[in-house]
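Visitor: I would like to go through this structure with you. Could you show it first?
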Amino acid sequence: MTVLAGGKVVTPDGVVANASVTVEAGRITDISRGPAPSGAVDLAGKWLLPGFIDLHTHGGGGHDVTGSPEDMSAAVAFHRRHGTTRTLVSLAAAAPSSLIEGLGWVTDMVDAGSGQFGHVIGAHLEGPFLADSRRGAQNPAHLLMPDRNTFAKLVEAARGALRSVTIAPELPGALELIGDIVEAGAVAAIGHTDATYDQARAGIDAGATLATHLFNGMRPVHHREPGVVWAALVSGITCEVINDGVHVHPAVTTLVGNVPGRLVLITDAIQAAGLSDGDFTVGGLHIQVVNGQARLAGTDTLCGSTLTMDAALRRAVTECSLPIEMASAAASANPARVLGIDDDCGAIVVGRAADLVVLDQDLMVVGVMADGEWDAPYPGPMA
Ligand SMILES: [Zn+2]
């Protein structure tokens, strides 16, 4: 049994000051106020938040998830040091044979449970059924029109671990495929799309419940053709935002984040996260990172980010003026809900998994607990 006492605990009912959170057998078993029991871990002056759930990551710490199974687990471990206790591994458009191989690695990690891999929830396929005109840094050689047979093979390869698929709803056959995605038990996400408002609404009516990095990789808002962005905001689906201050203006995050339950902070991180600026290869394309911003070499096209979830949350509070409860929900409870795992994790509530992040007064990570186990001895120097 571990008791974490004296911290400012961020719960779904608000911040509870000077609370004690008890952890037993990997679950939260008690939240109470009052004097700390002897032997409690002293969190005075610290924040205690639910562990972050990242729906969208391609790598980190020098590791690209498509490199090898070892790279995939090392990237997950890198992000766990930044507070991410559950991860969807994102596979960008690639040849179906490569996607099938990558899905197999993800499935092995899901089957391995928490342990050394952290919690990999499953895979996010970012493609291959995307609009070429809004492909961003996706490799055009690997984009496909929606194809139910190809998709069925991917579902089979994932053995239940496929949890999210990004698709452009305006492509021929996309609405049927959205039905297949939902049928397969995955979240259909609208993204890398040139859809009009009406086309996006059709995708939402067909079952899409998430927008992939809202504003990025989609037609910009116009008041006479407000496109996917407006369809997502008006319909009430959940919206991913890359809150690095580069992909969207901080005020955009403020707007989306002030709608309860709407915002999901993601990293969309590539292997360069956590490294110095330099040159990288992502999906066979040459990427240059300058001032922490990753772009296709020689262009203005952004290619993922170098973000970590703690930085995304920190910026949401400091740059976007979101209350910490709203920022925390966007990093944990909201992604848990869209995945349908909110009964198990994503909030500091008795009975949920003891996935916890300790932040200091400057919102820097000083401790990460996953399933009741510290990622590194607490307190210790974190990433
Ligand atoms: Zn991505």
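Guide: This is a predicted model. A starting point is His56, which is buried, with a relative accessible area of 0%.

Visitor: Which protein donors does the zinc ion have?
Guide: The zinc ion is held by His56 (NE2), His58 (NE2), Glu126 (OE) and Asp268 (OD), lying 2.0 to 2.2 Å from the ion. In sequence, these donor residues follow the spacing H-x1-H-x67-E-x141-D.

Visitor: And where do His56 and Asp268 lie?
Guide: His56 is in strand E6 (residues 52-57), whereas Asp268 is in the loop between strand E15 (263-266) and strand E16 (278-282), so the pair ties together parts that are 212 residues apart in sequence.

Visitor: Is Asp268 buried or exposed?
Guide: Asp268 is buried, with a relative accessible area of 5%.

Visitor: What about the angles at the zinc site?
Guide: The angles among the four donor atoms run from 85 to 172°, and the site is irregular.

Visitor: Let us turn to Asp355. Where is its place?
Guide: Asp355 belongs to the loop between helix H10 (333-339) and strand E19 (356-359). Its relative accessibility is 4%, so Asp355 counts as buried.

Visitor: What lies 2.8 Å from a polar atom of its side chain?
Guide: That is the backbone nitrogen of Asp371. Leaving aside neighbours within four places in sequence, Asp355 is in contact with several residues, including Leu49, Thr85, Arg86, Cys345 and Asp371.

Visitor: Last one: is Asn291 buried or exposed?
Guide: Asn291 is exposed, with a relative accessible area of 66%. This residue sits in the loop between strand E17 (285-290) and strand E18 (293-296).

Notes. Residues are numbered from 1 along each chain as its sequence is written. This is a predicted model: local features need pLDDT of at least 70, side-chain atom pairs count only at pLDDT 80 or more; totals for chains, interfaces and linings use all residues. Side-chain values use heavy atoms; hydrogens and water are left out. Helices (H or I, at least four residues) and strands (E, at least two) are DSSP runs, numbered from the N terminus. Buried means under 20% relative accessible area, exposed over 50%, partly exposed in between (1.4 Å probe, protein chains only). A polar contact is a pair of N or O atoms within 3.5 Å; within protein, one must be able to donate a hydrogen and the other to accept it, and residues adjacent in sequence count only if both atoms are side-chain atoms. Contact means heavy atoms within 4.5 Å. Donors are N, O and S atoms within 2.8 Å of the metal (3.2 Å for Na, K and Ca); water is not among the atoms, so sites may look incomplete. Four donors count as tetrahedral if all angles lie between 85 and 135 degrees; four count as square planar and six as octahedral if opposite donors are over 155 degrees apart and all others between 65 and 115; anything else is irregular.
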